[in-house]
Amino acid sequence: MTIAPPDRFRLTDELEISRVLTGLWQVADMERGGIDLDPDQAADHLSRYAECGFDTFDLADHYGSAETIASRLLQRCPRAVPVTKWCPPPGPMSPEAVRAGVQERLDRLGVDRVELLQFHWWSFAHPGWLDALHELAALRDEGLVHEIGVTNFDAAHLHLALADGVPIRTNQVVCSLLDRRFTGPLAETCTRHGVRLLAYGTICGGFLSDKWLDKPEPADIPDWSKQKYRRFIEAAGGWDAYQAVLRMAAGIAKKHGVSVANVASRWVLEHPHVAGVIIGVRPGEHDHRADNARLFGFALDADDHAALTAAFAGTTPIPGDCGDEYRKPPFLTASGDLTHHLNSIPSAYATDTLPTRNDVRRVISGTKWEDLAGYCRARRMGDHILVSGTTATSGADRVVARGDAGAQTVFILDKIIAAVSALGGTVEDIARTRIYLTDVADAEVVSVAHGRVFGDLKPANTLIAIGDLAGDYLVEIEADAIVAEA
C-alpha cells in the first residue's frame, strides 16, 4: 500500500515533526485489565506508521507501557521522534526531583536526550510548577532535554512562564469543532511568543467521524477516550447540537471526497498557531495511515468555513480556557469529577497557630519580607481570613516575571488563593481585593488578570496607583475572605 507522507512542521532548526502525531494514550486503556501489550508486536505495528512518514509519537509517563513500546520502536526506526510528558504530583520541585523525572523518561525510552518533554501540572495554586519549568530549562542547557513543552496550560499561565524566561516551544491542548477555546486568548498568546499548539481530541475520541453520523445517543460508553469526549458533547450543547456539526462536516467531506475525521482535523490544522494534530492509535488494532494521509490532499475553502461557523452557532461554547477541564467544573475528563483528586493535593503552605491564641491560624509563605517585617502571609480569626499584601515572589526573594504586570498578577492571585485554601477557605470566599500598582498604565492588563479569576464572583475591589513598591515589583495585592458555612 502506497501512502503519501504527511506534511511536516519545523519547531526549531533541529526539531521537525510530522503534522500528524500518532498518539499512544489508548495504550493505558488497552492495558487497564492489568496485562501490558507485547512491546515488540506493538512496535512492529507502529513501525509501519513511521515508515510512511508518521514518525512522531506522543507518549506520557502515565500512558501505560507506551514509553517502553517507543524504545522498541526506536530500535527498528531510529528516525522516529518520540515526544513524551512528565506529569508529577504537585509538591516541592527540587532540582533532584525534576532530574529524577527526566531520567526516568530517558531510561524508559532508552535515549540520551528527550526531544520534546511536555510538562503537566494539576493545580497552579501550588507554585512548584514554575520551579519545575526552570529546572527543566537547566536540564535543557545540560543537553538532557532538547526542547520544553507544556500540556493543558491556559493562556495566562503560559504567558507567565514565558514572561519569567522559560523557553517553551509547544502547548498540548484539546482542539476540535466542538471545543474551540484554542482560538481565543491562547491563540493570541501563542502568536505573540511563537509557541505552537499540539492539538489532541480533534476527532473527539472517534465521535467526529462517519461512524456516528445520524446515530442515536449511546447508552453505554466502553472506553476511556469516548467517556471523556462524551462529556465534551454534553458541555457543547448535547447530542442534537453535536449531530448538527457532524452533518455539516459530513457534507463538506463528501464535497472533497474525504472522511469526516479528515474535515475535523483539517479545520484545526488550518489555524496558524497549530503545529500538528495528535490522532490516537490502538497498536495491533485499526490502521489509520491511509485516512490520515488524506488530510494533506485538500484544503477547506471559504464556503466550508462559513458552513462550519453557521453550525457552531447551534452549540454552547466550552466554558473557560484550555486546560480548565482538569482544574475546575465542568470536569471534562475520562474519570469525570476530579474534586477528590484536587482536594488531595498538599497545600503549598504550612499553617501554624498564634503561640498565645490557638484559635488564630496563620500561613507563612517563606519570603524574606515576612520575617524581616514581622508579618504572616495570611491570618484566620473565626470565619475571617486576612491576606497580606502579596507580590510576585518565588521562594525567599526571587521576583517573578520582572517588567510584566499582568503576569505578576496571575502569580500573585495563585498565591492568595493558595493561602486562603490553606486556612480552610476557597476562592469563592474572597470578598474583597485591593490592588496597588506602580504605573497606572498597567491597570488594564492587571484588571484582565483579576477578571480571569473573579469575573463571575465579583468581590469588592479597589485599585490604586502609587509611587513605588519595594523591590522590582509592579503589583501588590491584598485580600479579605469570609469563609461560608459548609
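**Group meeting: a walk through one predicted model**

Leaving out neighbours up to four places away in sequence, Asp112 is in contact with Leu106, Gly143 and Leu144. I start there, and I should say at once that this is a predicted model. Asp112 sits in the loop between α4 (95-109) and β6 (114-119). Is Asp112 buried or exposed? Its relative accessibility is 71%, and exposed means over 50%, so Asp112 counts as exposed. For a sense of distance, take Ile412, which is 300 residues from Asp112 along the chain. The C-alpha atoms of the two are separated by 38 Å.

Now a second loop residue, Thr12. Thr12 lies between β1 (8-10) and β2 (16-18). Its relative accessible area is 11%, and the cut-off for buried is under 20%, so Thr12 is buried. Setting aside residues up to four places away in sequence, Thr12 touches His146, Glu147 and Arg169. Tyr242 is 230 residues from Thr12 along the chain, and the C-alpha atoms of this pair are 37 Å apart.

Next, the interior. The largest nonpolar core holds 161 residues, and Trp129 and Leu133 have the most contacts inside it. Which helix gives the most to this core? That is α15, with 12 residues. As for Trp129, its contacts beyond four places in sequence are Phe119, Trp121, Phe124, Phe153, His157, Leu160 and Ala161.

Trp129 comes up again at the cavity. How many cavities of 30 Å³ or more are there? The count comes to one. The volume of the largest cavity is about 40 Å³. Its lining consists of Phe124, Ala125, Pro127, Trp129, Tyr349, Phe411, Asp414 and Lys415. Here too α15 gives the most, with three residues of the lining. So Phe124 appears twice as well: it is in contact with Trp129, and it lines the largest cavity.

On to the pockets, where I take the second largest. It contains about 1,300 Å³ of space. Its lining is made up of 49 residues, and those nearest the centre are Trp25, Gln26, Gly205, Ser225 and Tyr229. Four elements, α1 (26-30), α8 (224-235), β10 (274-280) and α11 (289-293), each supply at least two residues of that lining. The largest share is five residues, from α8.

Last, one helix in some detail: α16, residues 443-454. Does its length agree with what 12 residues should give, or disagree? At 1.5 Å a residue, the helix should span 16 Å, and its end C-alpha atoms are 16 Å apart, which agrees.

Which residues of α16 are buried? They are Ala443, Val446, Ala449, His450, Val453 and Phe454. Seen down the helix axis, these buried residues fall within an arc of 135 degrees, so they line one face of α16. The general background is that an α-helix has 3.6 residues a turn, so residues three or four places apart point the same way. On the face of α16 turned away from the buried side are the exposed residues Glu444 and Val448.

What covers the buried residues of α16? The cover includes α15 (405-422), along with the strands β17 (430-437), β18 (460-465) and β19 (475-482).

That brings α15 in for a third time. To put its roles together: α15 gives the most to the largest nonpolar core, gives the most to the lining of the largest cavity, and is part of what covers the buried residues of α16.

How values were computed:
Residues are numbered from 1 along each chain as its sequence is written. This is a predicted model: local features need pLDDT of at least 70, side-chain atom pairs count only at pLDDT 80 or more; totals for chains, interfaces and linings use all residues. Side-chain values use heavy atoms; hydrogens and water are left out. The expected span of a helix is 1.5 Å times one less than its number of residues. Buried means under 20% relative accessible area, exposed over 50%, partly exposed in between (1.4 Å probe, protein chains only). The arc is that of the directions from the helix axis to the C-beta atoms. Contact means heavy atoms within 4.5 Å. A nonpolar core is a set of buried Ala, Val, Leu, Ile, Met, Phe, Trp, Tyr and Cys residues joined through side-chain atoms within 4.5 Å. On a 1 Å grid over the protein atoms alone, a cavity is a set of points where a 1.4 Å probe fits but cannot get out, and a pocket is an open set with protein on both sides within 12 Å along at least five of seven lines; lining residues have an atom within 4 Å of a point. Grid points are joined across faces, edges and corners, and a volume is the space filled by probe spheres set on the points.
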